[in-house]
Amino acid sequence: MSTSILVPPGYDIIEDIANRLPSQNNDYSGTLIVFPGKRPGYYLRKIIGTRTGAGYIPPAIMSMDEFVDYVYENELKIIDRKIDSIDAAAILYDIHKSTTAPLGGEHFKRVDDFLPLAMNIFKELEEFCIADISVERLHQTLAGYDAEQLGTIVHYYTKFYEKTASENYSTRSLRYRNAANSIDDIQLSEFTHIICAGFFMLTKSERDIFSGLLKRDDALIIFQDGKGMREHLKELRIQPEEIEVEETTPVIRVHKSSDTHGQVFALSKLIKQLDDQNVILDEKNIIVTPSAETLFPLIQNTLPLIYNNNYNISLGYPASRSTIHGFISSMMDAILSREEDKYNAPEYLKFVLHPYTKNILLNESPEPSRILFHALEDHFSKNPALSYFDLREIENDTSFFKAVEARAAGAGYTLTADEFQNHLTGIHTYTLRSVENVSSIGELSKKLIDIILYINENSTARQHPLFNHFSGHLIESLSGLQNSLLSKISFDEPEGYFKFYNHYVSEIQIPFAGTPLSGLQVLGFLETRSLKFDRVFFLDANDDVISGMRNDESLVPNRVRKELGIPTYRDRERLYAYYLDLLVHHAREVDFFYIEKDKKERSRYLEQLAWNAEKSGKLIETDSIRYNVKLINTEPSPIPKTGDILPILNELEYSATSLDTYLKCPLRFYYRYILKFRERDELTEEVDNLRIGSIVHGILKRYFTSRKGIELSPVDLSTDEMNAAVDSEFSDVFGDRISGKIYVLRQQIKRRMEEFLYSYQIPLARKYKIKILDVETSLKAELNGYQITGTIDRIEKRNEDVYILDFKISGNADRLRIRFNKLDIDDRSTWYSAIGSLQLPVYMLLYESNISGSSQSLNPAFVLLGKQRIAPDIDISLLKMMQDQQAELNRIKEVINRLLNEITNPDIDFHPTEDFGAECPNCPYKLICGTQWTG
């Protein structure tokens, strides 16, 4: 009589199975053992090997999927092709095209829009199939729901399995159904004993298979008691024999952290303590990592602590998080950035500066490629007109490659301009150009394989950790795609191919399929099924990770799923709770780690553990993980004015900008004007305020230069001419190709310049007689032996008064004003907070020194073009900041003089700023100073 047994939660079912195995001269091949997954088989083989101490013939050990395939192919003798979700998507697309009321209507008409949906549809259909739901039952169940979408799914369900049958294909669920329907008739004659163990939450097909096995005299099914198992057995109508074994209660500790690294640091500390106690972490110890993002911090920080690197990793890692996928994505982003075959420079640079690209070998060294691509970065930065460019523009730019040759020579590399030119052209040919215009999914797959192989053979990528592992599995997946039913599918645009590729990769799990069982085990959560460990370290015990809930949404509502008897998210919760319960009861010690931050909470399973412990009077040890890292925000040291610096200071031409820089931070002045460090211009479609300001000044210069020396008339202030000036300036700066965010910026500036004319310039021209004296005029002067220089945006007369205007794209005058009521020229500590900018006083000095006239008739002012509302009052006049104009003018001139004396005083060092919070976060030199802690 066949039998089933129920063993306690802490029972070692692998040991139990080993004890039950019949053997003749170390031959166990007459027994078939079926587990939910593959890993328990490794442990069983090790136990048998240890016991026999010699060679042996192992039992047939299969996962449930392998058992079903065995029955399908060897017992039922069915020969067909087993297809996966990719092949299924192709079949579903054929059905979708011929459907009168397709799912999603017009929204999924295009193949590139439908294919990701098709993969989700396939999952739903497979759940119907493995649950043995007939088309009639599906119709009846859905009849009560007024949903056209659900009716369409019935159509797909019918046609899909008709199509697979006619084409001689099978799917995983079809094989399960065939095995279940035939289980009473199959012989399995090569086996004298059959043992199934470790199962929970069986599908309808699995239930039917087990029911058939229970009728056999040679079969044994071992269930393990745990959270929800007894209720499940009642649903299955199985009453197994119960085995009682005395159990121990594990010691449970819970550790709370604010982030992933906090968990890993805490685990590392525990591992180190065990090592100090000479505890060997063998295969009876496990680190469970249910979240993929924790794996690499674990590899980098914790696993190196394991004695003799005696550990084994076995879990799936998302291909979408691999560096090789990141490389391919950056290449695809560059290609998708093209407009009329011209590449967007920022996206192109992201690709060539990817570590795999910029380390392509030239003369057996990656350094020349780095020199080449960083030269390209500088080239684009200095030529914003190349924001969109044809690859041939760069490939044929001989002057650029001559400059690269010179730069390489300076670094000790004797390579010619032609060699660099051929190298770059080759990289373009083997990467970007090869996938610019693919004609099918199969061709895309082949081209991507070729690119991965090219990077493997011609760059340092293969030296990077896990590159070969990740790239090998990705090549294998792409090969499968190349040979799939989807291979001949074509899209209208490259975007369709890349969108599909990204969705395809998001479904791929790259296995860390370690089989050594000596040493600490690092497993994914479901890899722990049926296994017993003495010590468990469980990371990421958060509710969003181990609740069993998934982010993907079913096409069929949960209430319909429940009525049909297919799993809902509640069933997945039960599954996770069951296996977690077994893992804990198997162990002597369990350490849970979880993150408490924002919306992340500890698992409801931990909540239940804590509640049960409190009811029983037992205590679960809990602690909070805090970083024991002492963070000291060190301030930069002053830099003395050495003998080499003083001559530079005495010969320097000082501008209002340099004086403002010194006033705000003498160290920044030192880096910018003495060492002449400059911030690298980062090429991006996001145009920064500095460049916008330069563009606006260029537009105003173009527009008003032709109006110099004449009185402005409202009727002559043409908006058409202003728009033409905007177009010309943008063409000069960005080239003839204006697109994307640059186009939007140009339109915004046109509207602002029109508003400037209508709401500021024309009203003033009606109020005053305005005559423009000069535009963008550069002036020099000497002040007590110091050379002063500056460029004034505009000088004009309004009636009899002279106005010196400086245009600002900002709308905030706070950092520009001089607060004379707070300024004490004899108290140096007041200067920083009282003086926003010395620009207008310096312009007054320059004007007075170069052009005759009394300072009383001068009116320096900022014009704030960034004000929300443009009006004549956007002028911020220096004189309006003063109560006693002449006295306060003299005071500010004295400040300028004293500031120049201080700059050149050898006894006064270049000190850091008085306000790190205000000056350092956006300073280009904060990494040099070590003030990046400011923001």
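## Cavities, a helix and two buried side chains

The structure holds two cavities of 30 Å³ or more, and the model in which they are found is a predicted one.

The second largest cavity has a volume of about 50 Å³. Its lining is made up of His 697, Leu 700, Lys 701, Phe 704, Val 775, Glu 776, Asp 793, Arg 794 and Phe 807. Helix H30 (689-705), strand E20 (770-783) and strand E21 (786-798) each supply at least two residues of this lining, and H30 gives the most, with four residues. By character, the lining residues of the second largest cavity divide into four nonpolar, one polar and four charged.

Strand E21, which contributes to that lining, is also the place of Thr 789. A second residue that can be described in a similar way is Ser 658, whose place is in helix H28 (residues 656-664). The table sets out the two residues with their values.

| Residue | Element | Relative accessible area | Polar contact of the side chain |
|---|---|---|---|
| Ser 658 | helix H28 | 1% | backbone oxygen of Ser 655, 2.9 Å |
| Thr 789 | strand E21 | 19% | backbone oxygen of Leu 779, 3.4 Å |

Why does Thr 789 count as buried? Buried means under 20% relative accessible area, and Thr 789 counts as buried because its relative accessibility is 19%. Ser 658 is buried as well, with a relative accessible area of 1%. Leaving aside neighbours within four places in sequence, Ser 658 is in contact with Phe 669 and Tyr 673. Thr 789, not counting residues up to four places away in sequence, touches Glu 653, Tyr 654, Ser 655, Ala 656, Leu 779, Lys 780 and Leu 846. Ser 655 thus appears among the residues touched by Thr 789, while the backbone oxygen of Ser 655 lies 2.9 Å from a polar atom of the side chain of Ser 658.

Elsewhere in the chain, helix H11 (residues 260-276) has 17 residues and reaches 25 Å from its first C-alpha to its last, which is close to the 24 Å expected at 1.5 Å a residue. At the start of H11, a side-chain oxygen of Asp 259 reaches to within 3.4 Å of the backbone nitrogen of His 261, and just after the helix, Asn 278 takes a positive phi of about 65 degrees. The buried residues of H11 include Gly 262, Val 264, Leu 267, Ile 271 and Leu 274. The elements against which the buried residues of H11 pack are strand E9 (251-257), strand E10 (285-288), helix H12 (295-301), strand E16 (535-538) and strand E17 (589-595).

How values were computed: Residues are numbered from 1 along each chain as its sequence is written. This is a predicted model: local features need pLDDT of at least 70, side-chain atom pairs count only at pLDDT 80 or more; totals for chains, interfaces and linings use all residues. Side-chain values use heavy atoms; hydrogens and water are left out. On a 1 Å grid over the protein atoms alone, a cavity is a set of points where a 1.4 Å probe fits but cannot get out, and a pocket is an open set with protein on both sides within 12 Å along at least five of seven lines; lining residues have an atom within 4 Å of a point. Grid points are joined across faces, edges and corners, and a volume is the space filled by probe spheres set on the points. Ala, Val, Leu, Ile, Met, Phe, Trp, Tyr, Cys and Pro count as nonpolar, Asp, Glu, Lys and Arg as charged, and the others, Gly among them, as polar. Buried means under 20% relative accessible area, exposed over 50%, partly exposed in between (1.4 Å probe, protein chains only). A polar contact is a pair of N or O atoms within 3.5 Å; within protein, one must be able to donate a hydrogen and the other to accept it, and residues adjacent in sequence count only if both atoms are side-chain atoms. Contact means heavy atoms within 4.5 Å. The expected span of a helix is 1.5 Å times one less than its number of residues.
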